[in-house]
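Colleague: I'd like a close look at one part of this model, the hollow space inside it. Please take your time and follow the trail into whatever lies around it.

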Amino acid sequence: MRGSSGPGVVAIAVVPDPRTGPTWWDMYELAIACAVFGVPHPDLADPWYELRLCGQNAGPEAAGGFFGIRTTHGLDGLVGADTVIVPSVPEACVERDEPVPEPLVDALRAAAASGSRMVSLCAGAFALAAAGLLDGRRATAHWQHTGELAARHPEVIVDDSVLYTDEDRILTSAGATAALDLCLHLVRRDLGARVAGQVARRLVVPVHRSGGQAQFIEHAVPEADDDGIGPVLQWAAAHLDRPLTVAGLARRAGMSPRTFHRRLQAATGTTPLRWLLTQRLALAQSLLETTELPVELVGERCGLGSAANLRHHFARTLGVSPSDYRRAFAPPAPTAKGR
């Protein structure tokens, strides 16, 4: 990350409604981001993230209702941060079409111009949209708000079927606990699957959840459902080294290929072929991070066959080669002691 030996500075924009103070939901999504990025895990990565809480003025923010928040920086603290997170906007900006506070909009534009990675959680997407940062990009928010987001900002490609979107430097999440899905995804991007998995375990949550993650490598496998597709996907995920086909999986599920395609897409948000590919790439990532297997064997074990095929899909989907990925995310070799 820029100017840092660790995963960098995460600056969170805290701009509650000055009339009411932060709501329960504001606090929930803010707390998620603080729990993921503000609690050090020196056994996993040292240094951890540096956390900033940025308000309109450093110090106490609005304290109406039950909560008050003490910020550490003004909104100018967003500028130059490695990652900027907008966990919420005042409720009136969503429910009553009041404008997003102009100081926040200006600070977000300046942060994006400085090269910061921009992230929204739930209704925070309205702030990124007001700043023009979502124009021409896929974005999401809580499903109750996506219709309003699309109506106010027709230049934004609003997708209400996903838990989060990743447009490289611009990321958005759906509401409530989907914020945690996106925060863990950021940890995985920055520090690798092993660290993200350990953080998820400590938070007592899965590192990725079922449904709606069509654009990412960790497509979820439903554990159970009423129409039989969950067990088939569980079986397929455990046998990725085999030459799996959509027709074969459909037969195992007792469905026609067309019905299987429709039900898998409804359950996971993606197509059967794309689901298989992303499951195989997820396994390849894990093998590269946790084993010393040659790239050729990694390709075989995840069902992609040759090393050339693995390299092709890795470069196309993740933008790096398997060897570069291993160098970036494999745990460091243990150092000798007692010398």
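What volume does the largest cavity have?

Modeller: About 70 Å³ is the volume of the largest cavity. Before I go on, this is a predicted model, in which local features need pLDDT of at least 70 and side-chain atom pairs count only at pLDDT 80 or more, while totals for chains, interfaces and linings use all residues. Residues are numbered from 1 along each chain as its sequence is written, and side-chain values use heavy atoms, with hydrogens and water left out.

A cavity here is a set of points, on a 1 Å grid over the protein atoms alone, where a 1.4 Å probe fits but cannot get out. Points are joined across faces, edges and corners, and the volume is the space filled by probe spheres set on them. Counting cavities of 30 Å³ or more gives 2.

Now the walls. A lining residue has an atom within 4 Å of a point, and for the largest cavity the list runs Ala13, Val14, Val15, Pro16, Pro22, Asp26, Met27, Leu30, Ile69, Pro87 and Ser88. That splits into 9 nonpolar, 1 polar and 1 charged. For that split, Ala, Val, Leu, Ile, Met, Phe, Trp, Tyr, Cys and Pro are nonpolar, Asp, Glu, Lys and Arg are charged, and the others, Gly among them, are polar. Helix 1 (residues 24–37) gives the largest share of the lining, 3 residues. Helices (H or I, at least four residues) and strands (E, at least two) are DSSP runs, numbered from the N terminus.

Staying with helix 1, have a look at glutamate 29, which is found there. Glutamate 29 counts as buried because its relative accessibility is 4%; buried means under 20% relative accessible area, exposed over 50%, and partly exposed in between, with a 1.4 Å probe and protein chains only. Once neighbours within four places in sequence are set aside, glutamate 29 is in contact (heavy atoms within 4.5 Å) with Pro87, Leu121, Cys122, Gly175, Ala176 and Ala179. Pro87 is also one of the residues lining the largest cavity.

Ala176 from that contact list is worth a stop too. It sits in the loop between strand 11 (170–173) and helix 6, and its phi is positive, about 55 degrees, although it is not a glycine. Most residues other than glycine have a negative phi, and most peptide bonds are trans. On the peptide side, aspartate 46 and proline 47 are joined by a cis bond with omega of about 10 degrees. Proline 47 belongs to the loop between helix 1 and strand 2 (50–55).

Back to the lining: Ala13 is on the list, and strand 1 covers residues 9–13. Strand 1 is largely enclosed by the rest of the structure, because 5 of its 5 residues are buried. Val9, Ala11 and Ala13 point one way from the strand, Val10 and Ile12 point the other way, and all are buried.

What does strand 1 pair with? Strands of a sheet pair through backbone hydrogen bonds, either parallel or antiparallel, and a pair needs at least two bridges found by DSSP. Strand 1 runs parallel to strand 6 (residues 83–86), with 3 bridges between them, and isoleucine 12 has isoleucine 85 as its bridge partner there. Strand 2 is also parallel to strand 1, joined by 5 bridges, and there alanine 11 stands opposite arginine 52.

Zooming out, these strands belong to an open sheet of 7 strands in the order 5-2-1-6-7-11-10, with mixed pairing. Strand 5 (73–74) and strand 10 (164–166) are at the edges with a single partner strand each, so one side of each has no neighbour in the sheet.

Finally, some context for the chain around your cavity. The protein chain has 14 helices and 11 strands, and 52% of its 339 residues are buried. Of the contacts between residues at least 6 apart in sequence, 63% join residues at least 24 apart. The accessible surface, by the Shrake-Rupley method with a 1.4 Å probe, comes to about 15500 Å², with 53% of it belonging to carbon and sulfur atoms.

Notes: On a 1 Å grid over the protein atoms alone, a cavity is a set of points where a 1.4 Å probe fits but cannot get out, and a pocket is an open set with protein on both sides within 12 Å along at least five of seven lines; lining residues have an atom within 4 Å of a point.
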